[in-house]
Amino acid sequence: MEKFTKSFPSKPLGAKTAKPWALAGVVGSGNLEVLVERGGKPSDAMECHVETSIPGYKASWLAALADFAHHYPAGGTKVTINDQGAPPVLVNLRLRQAYDHLTKGDK
Amino acid sequence: MTGAILFHELTARQRIAALADAGSFTELLPPPERLTSPYLAQLGIPVSFDDGLVIGHARIGGKKIYLAAQVGQFVGGAVGEIHGAKLTGLFKAAARDKVPCVLVIESGGVRLHEGSSGEIAIAETMRAIFECRALKVPTIAVIATDIGAFGGIGILSTCCDFRIMTEHGRLGISGPIVIEKWMGKKAYDSANRALVWKTSGGKTKYLLGDADALVHDTADAVRDGISKFLGKSSAVSLTSVKSRQKELEKRLKKFGATSDPNAVWKSMGVRDIEAASLASGPEFAALAKRGK
């Protein structure tokens, strides 16, 4: 297991979201779950907590998370991830799904 | 939301959303509570925010129910301490509030990493289920995936008033691979899908009376199946237990020495095995007279 926490600069999230939290994905082989919540600090950064079963890929994680924070206004969110070996492209997809559910609802 | 997607292809959360009346589901102990398994964390295995079980209350056709769905992709939907405590609590709440409880099952049984806690939790959940049944509060299990209901969860599912299955669902105690390991490949070939489904699958379980309804593999069909049982309950009494025991003795006598599952289907009234193999849900049920 490898665990780390880091904040990434990101434009502030809108004042209103469809839900206070959203979850995407499932903890299964090659998959991960992403929980996105309002209330992360500060408001101009995306606060990330990652736990992964595959150690040694911190650089890839930081790149994937920084890329997401750069492209989406996710400042003031708290992102918590439980990972079981998902590839970076899936990490990006789940982040987008969770963010979409948070801002627009489940539909 | 689900469109043409089959029920067995949905995730636990999607299943709940597809079964409950729109917007009626309120999750209890949701992911932000972070009630995760302390045992898996110690063993260096990834944890999940809901510990593989989504629980809450909802409405189906306007009727209030308690609703739970297991996450089969997370350690095989297996029951650990947190998962089990949520399961027990939900059935206890159902008994307390006299509200029907529906469990969408997808579990191989107890989670071996936290075996004792899981076993105890399953026993406590069974007690809570019988509490519901004594109060005539309906308890319904839905078994609709190939992970199915095995081990302690297989037993637990048969403690509920009613079981709704699809042809994808499987129900048993020991799973096919376990049987093969103990009895040998000649006795039971776990790679033979036709054999496995004809012994533990929804169609056979429906024929034998272990499943109370066989429905199509869609959320709509499963929801209709649940609705039919919401106002009903099946009493537990010494007489009912004894007569069930007699039925099982008869079944063992009749099929105990049979090695061909088709022979079981035939003697349960299935005339055309091939047509029945291809038929699904109620169409299958129409091709056979059911023995219970």
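Leaving aside its neighbours within four places in sequence, which residues is Thr145(B) in contact with? In this predicted model, the partners of Thr145(B) are His8(B), Arg15(B), Glu106(B), His168(B), Gly169(B) and Arg170(B). Thr145(B) itself belongs to the loop that runs between β5 (139-143) and α5 (151-159) of chain B, and with a relative accessible area of 2% this threonine counts as buried because that value falls under 20%. With one of its partners, Glu106(B), Thr145(B) also shares a polar contact between side chains, at 3.3 Å.

**Backbone features in chain B**

Two loop residues of chain B that are not glycine, Asp51(B) and Lys136(B), have a positive phi, and their values are set out below together with that of Lys98(B), the residue that follows α3(B).

| Residue | Phi | Place |
|---|---|---|
| Asp51(B) | near 50° | loop between α2 (38-42) and β2 (53-60) of chain B |
| Lys98(B) | near 55° | follows α3(B) |
| Lys136(B) | about 60° | loop between α4 (115-134) and β5 of chain B |

As to accessibility, Asp51(B) is buried, with a relative accessibility of 0%, whereas Lys136(B) is exposed, with a relative accessible area of 58%.

Helix α3 of chain B, which covers residues 81-97, consists of 17 residues, and the distance from its first C-alpha to its last is 24 Å, close to the 24 Å expected at 1.5 Å a residue. The buried residues of this helix include the nonpolar side chains of Ile82(B), Leu87(B), Leu90(B) and Phe91(B), and among them are also His83(B), Lys86(B) and Thr88(B).

**Helix packing and a cis peptide in chain A**

In chain A, helix α1 (residues 58-71) packs with helix α2 (residues 88-104) at an angle of about 35°, their axes lying 10 Å apart, and the crossing of the two helices is right-handed. On the side of α1(A), the contact is made by Trp61(A), Leu65(A), Asp67(A) and Phe68(A), which meet Val91(A), Asn92(A), Leu95(A), Arg96(A) and Tyr99(A) of α2(A). The residues of this contact divide into 6 nonpolar, 1 polar and 2 charged.

Elsewhere in chain A, the peptide bond that leads from Lys41(A) to Pro42(A) is cis, with omega near -5°, and Pro42(A) is placed in the loop between β3 (31-38) and β4 (45-52).

Terms used:
Residues are numbered from 1 along each chain as its sequence is written. Chains are lettered from A and ligands numbered from 1 in the order in which they are written. This is a predicted model: local features need pLDDT of at least 70, side-chain atom pairs count only at pLDDT 80 or more; totals for chains, interfaces and linings use all residues. Side-chain values use heavy atoms; hydrogens and water are left out. Helices (H or I, at least four residues) and strands (E, at least two) are DSSP runs, numbered from the N terminus. Buried means under 20% relative accessible area, exposed over 50%, partly exposed in between (1.4 Å probe, protein chains only). A polar contact is a pair of N or O atoms within 3.5 Å; within protein, one must be able to donate a hydrogen and the other to accept it, and residues adjacent in sequence count only if both atoms are side-chain atoms. Contact means heavy atoms within 4.5 Å. The expected span of a helix is 1.5 Å times one less than its number of residues. Axes are lines fitted to C-alpha atoms, for helices over the stretch in contact, and angles run from 0 to 180 degrees between N-to-C directions. A crossing is left-handed if the near helix is turned anticlockwise from the far one by less than a right angle, and right-handed if clockwise.
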